[in-house]
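User: Could you take a close look at one part of this protein for me? I would like the overall picture to begin with, and then a careful walk through the last helix and the places that surround it in the fold.

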Amino acid sequence: MTVRHDGITAEWLGYATLRLEGDDTVVYLDPGRYGVLTGEWEPDAPDADHPPARDYAPQDGDIVLVTHVHHYDPDGIRRVASEDATVVAFEGLDVHATDRDVDRLADLDYEVRQVSMEDELLVGDVPVWTMPAYNREDGPNVRADGSPIHPKGIGCGFLLAVDDTRVFWPGDSDVLDGHAELDVSLFCPSIASSYTMDRHDAADLAEAMEPDLVLPIHYNTFESLSADSGAFAEDVAKRGVPVVLDER
């Protein structure tokens, strides 16, 4: 399913992979992992009954944005990126922080621009702003020892303007100070039951932010990301915020 909104199209391809297309630019956010592009589960993927049936490799992306190491998939990037694509990735992305055997950013055959948690840059004609993305120490997404699953400094979220339509993907993050004040047209929150803001927090943020449209992503890829998307959509709609689901 392709969602058309304010002159651009948006398509959620599974997990955190979001494709945006304007008049002359295609942008991917966090492409790949857990078989969302290959149709085959990775060896370390959590159990699931039905892996996605696809072999997606259009190589049409002008810009690829990567929030943090958990969403870093070099094969996924190569499947979506065009030959002259620009990859924008969080500067703290450490391949040694994962047990997966993945290439370094420096080994990718693309222009790579690294960004901090609070950065502003222009990639082609697309303005990009980064936002902190992490789990609060006093929030629900902490380990048994009290440490956040996503500590501050692990990654970032992205706000970008495709053909003047501002899209916000918070990344793997709780709701943080400043999110509600952002000027956003298309809000694409995680509504997973673990690791990030859940559907209740995302609905509260959507009400406060008042975007033109909400398109949730990053849920139901596997059990710990389960979410009742229908309940989320009903909740957001009752608050007077337009919402759409892109599900298969």
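Analyst: Happy to. In this predicted model, the protein chain holds three helices and 13 strands. Its radius of gyration is 17 Å, close to the 18 Å that the globule rule gives for 248 residues, so the chain is as compact as a globular protein of that length. The C-alpha trace spans about 45 × 45 × 35 Å along its principal axes. Of the 248 residues, 56% count as buried. Among contacts with a separation of 6 or more, 60% are made by residues 24 or more positions apart. The accessible surface is about 11,000 Å², and carbon and sulfur atoms contribute 41% of that. As for charge, there are 17 positive and 52 negative side chains, yet the centres of the two sets lie 2 Å apart.

Now to the helix you asked about. Helix α3 covers residues 229-238, and its buried residues are Ser229, Ala231, Phe232, Ala233 and Val236. What do these buried residues pack against? Their partners are α2 (199-209) and β13 (213-214). Both ends of α3 have a feature to look for. At the start, a side-chain oxygen of Asp228 comes to within 3.3 Å of the backbone nitrogen of Gly230. Just after the helix, Gly240 adopts a positive phi of about 85°.

Between β13 and α3 runs a loop, and Leu215 sits in it. Is Leu215 buried or exposed? Its relative accessibility is 0%, and since buried means under 20%, Leu215 counts as buried. Leaving out residues up to four places away in sequence, Leu215 touches Val3, Ala10, Leu18, Leu186, Phe187, Cys188, Pro189, Val244 and Asp246. One of these partners, Val3, is 212 residues away in sequence, while the C-alpha atoms of Leu215 and Val3 are 8.7 Å apart in space.

Two names in that list lead to other parts of the model. Phe187 is a contact of Leu215, and strand β12 is made of residues 186-187. The loop from β12 to α2 holds Tyr195. Tyr195 is not a glycine, yet it has a positive phi of about 80°. With 29% relative accessibility, above the 20% limit for buried and below the 50% limit for exposed, Tyr195 counts as partly exposed.

The second name is Ala10, which is touched by Leu215 and is also on the contact list of Arg19. Arg19 belongs to strand β3 (residues 17-21). Although Arg19 carries one of the side chains that count as positive, its relative accessibility is 11% and it counts as buried. Which side chain does Arg19 meet in a polar contact? That partner is Tyr28, and the two side chains are joined at 3.1 Å. Setting aside residues up to four places away in sequence, Arg19 also touches Thr9, Glu11, Leu13, Val26, Val27, Tyr56 and Asp60, in addition to Ala10 and Tyr28.

For a look at other loops, turn to the one between β6 (81-90) and β7 (111-115), where Thr98 lies. Asp94 is in this loop too. How do the two residues sit with respect to the surface? Thr98 is buried, with a relative accessible area of 18%, whereas Asp94, at 35% relative accessibility, counts as partly exposed. Each of these side chains meets a backbone nitrogen. The side chain of Asp94 reaches that of His96 at 2.9 Å, and a polar atom of the Thr98 side chain lies 3.2 Å from that of Arg100. Asp94 also brings in Leu105: the pair are eleven residues apart in sequence, with 9.2 Å between their C-alpha atoms.

A last stop is the loop between β10 (155-162) and β11 (165-169), which holds Asp163. Like Tyr195, which has a positive phi, Asp163 is a non-glycine residue with positive phi, here about 50°. Asp163 has 36% relative accessibility and counts as partly exposed.

To come back to your helix: the buried face to inspect in α3 includes Phe232 and Val236, with α2 and β13 as the elements it packs against. From there you can step to Leu215 in the loop between β13 and α3, and on to Val3 through the contact that Leu215 makes.

Notes: Residues are numbered from 1 along each chain as its sequence is written. This is a predicted model: local features need pLDDT of at least 70, side-chain atom pairs count only at pLDDT 80 or more; totals for chains, interfaces and linings use all residues. Side-chain values use heavy atoms; hydrogens and water are left out. Helices (H or I, at least four residues) and strands (E, at least two) are DSSP runs, numbered from the N terminus. The radius of gyration is taken over C-alpha atoms; the globule rule is 2.2 Å times the number of residues to the power 0.38. Buried means under 20% relative accessible area, exposed over 50%, partly exposed in between (1.4 Å probe, protein chains only). Contact means heavy atoms within 4.5 Å. Accessible areas come from the Shrake-Rupley method with a 1.4 Å probe; for residues, only the protein chains shown count as cover. The place of a charge is taken as NZ of Lys, CZ of Arg, CG of Asp or CD of Glu. A polar contact is a pair of N or O atoms within 3.5 Å; within protein, one must be able to donate a hydrogen and the other to accept it, and residues adjacent in sequence count only if both atoms are side-chain atoms.
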